[in-house]
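The exercises below are meant to be worked through with the sequence and the coordinates open side by side. Try each task before reading the solution that follows it.

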Amino acid sequence: VRTIYMNGDDSTSLAEPSALGYSTGRWAGETLVIETSRLIPDRFDNLGTPYSAELRLTERFSLGENGHRLDYVLEVTDPNTFSEPFEKCRQWHWRPEVTLGSYNCEQDQELQ
């Protein structure tokens, strides 16, 4: 379970590194900004690109298209792995006929 602390406390030095890291969130106008650090070094993608303990992720979620689209921007910073920060962008369109269920990552890994 990923926890995002919205209380403004940035006590990352007290948090133990974990697979999901330590995330704090805040609102910047209408945009939800989530900053994550303290990730255990692992692979960044399916190609096996490694990342270091210095990895920092900044996610931005905002509504677009009259509230029918969720815009997502991920900024990745890791000075030990990448020569400069980079961004990945994604959008999700609202489809009222689709319902989402829970997803258990651990259970799915056991099946592989």
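**Exercise 1. The surface and the interior**

How much area does the chain expose, and what percentage of it do carbon and sulfur atoms supply?

*Solution.* Keep in mind from the start that this is a predicted model. The chain exposes about 8,600 Å², and 50% of that area is supplied by carbon and sulfur atoms. Turning to the interior, buried residues make up 23% of the 112 residues in the chain. As for contacts with a separation of 6 or more, 24% of them are between residues 24 or more positions apart.

**Exercise 2. The sheet**

Work out the order of the elements along the chain, and then the arrangement of the strands in the sheet.

*Solution.* Begin with the inventory, which comes to 1 helix and 6 strands, and read from the N terminus to obtain β-β-β-β-β-β-α. Next, place the strands: they form an open sheet with mixed pairing, in the order E1-E2-E3-E4-E5-E6. Strand E1 (4-5) and strand E6 (86-93) each have a single partner strand and stand at the edges, so one side of each is left without a neighbour in the sheet. Finally, examine one pair in detail: strand E4 (residues 56-64) and strand E5 (residues 69-77) run antiparallel and are joined by 9 bridges, and Thr58 has Glu75 in E5 as its bridge partner.

**Exercise 3. Two loop residues**

Locate Arg38 and Met6, and decide whether each is buried, partly exposed or exposed.

*Solution.* Arg38 sits in the loop between strand E3 (31-37) and E4, where it has a positive phi of about 60° although it is not a glycine. Its relative accessibility is 27%, and because this value falls between the cut-offs of 20% and 50%, Arg38 counts as partly exposed. Met6 belongs to the loop between E1 and strand E2 (22-28), and at 44% relative accessibility Met6 likewise counts as partly exposed. Together with Ile4 and Trp27, Met6 forms a nonpolar surface patch whose accessible area is about 320 Å².

**Exercise 4. A buried charge**

Which side chain of opposite charge is nearest to Asp78, and how far away is it?

*Solution.* First locate Asp78, which is found in the loop between E5 and E6. The nearest side chain of opposite charge is that of Arg56, 7.7 Å away; a salt bridge would require the charged atoms to be within 4 Å, and Asp78, although buried, has none. Then list its surroundings: leaving aside neighbours within four places in sequence, Asp78 is in contact with Tyr51, Ser52, Glu54 and Leu55.

How values were computed: Residues numbered from 1 in each chain as written. Predicted model: local features only at pLDDT ≥ 70, side-chain atom pairs only at ≥ 80, totals over all residues. Heavy atoms only, no water. Helix = DSSP H or I, 4+ residues; strand = E, 2+ residues; numbered from the N terminus. Buried < 20%, exposed > 50% of the residue type's maximum accessible area, 1.4 Å probe, protein only. Contact = heavy atoms within 4.5 Å. Areas by Shrake-Rupley, 256 points an atom, 1.4 Å probe, with all protein chains shown as cover. Pairing = 2+ DSSP bridges. Patch = residues over 30% accessible without salt bridge, like charges linked within 9 Å, V, L, I, M, F, W, Y side chains within 5 Å. Lys, Arg positive; Asp, Glu negative; His and termini not counted.
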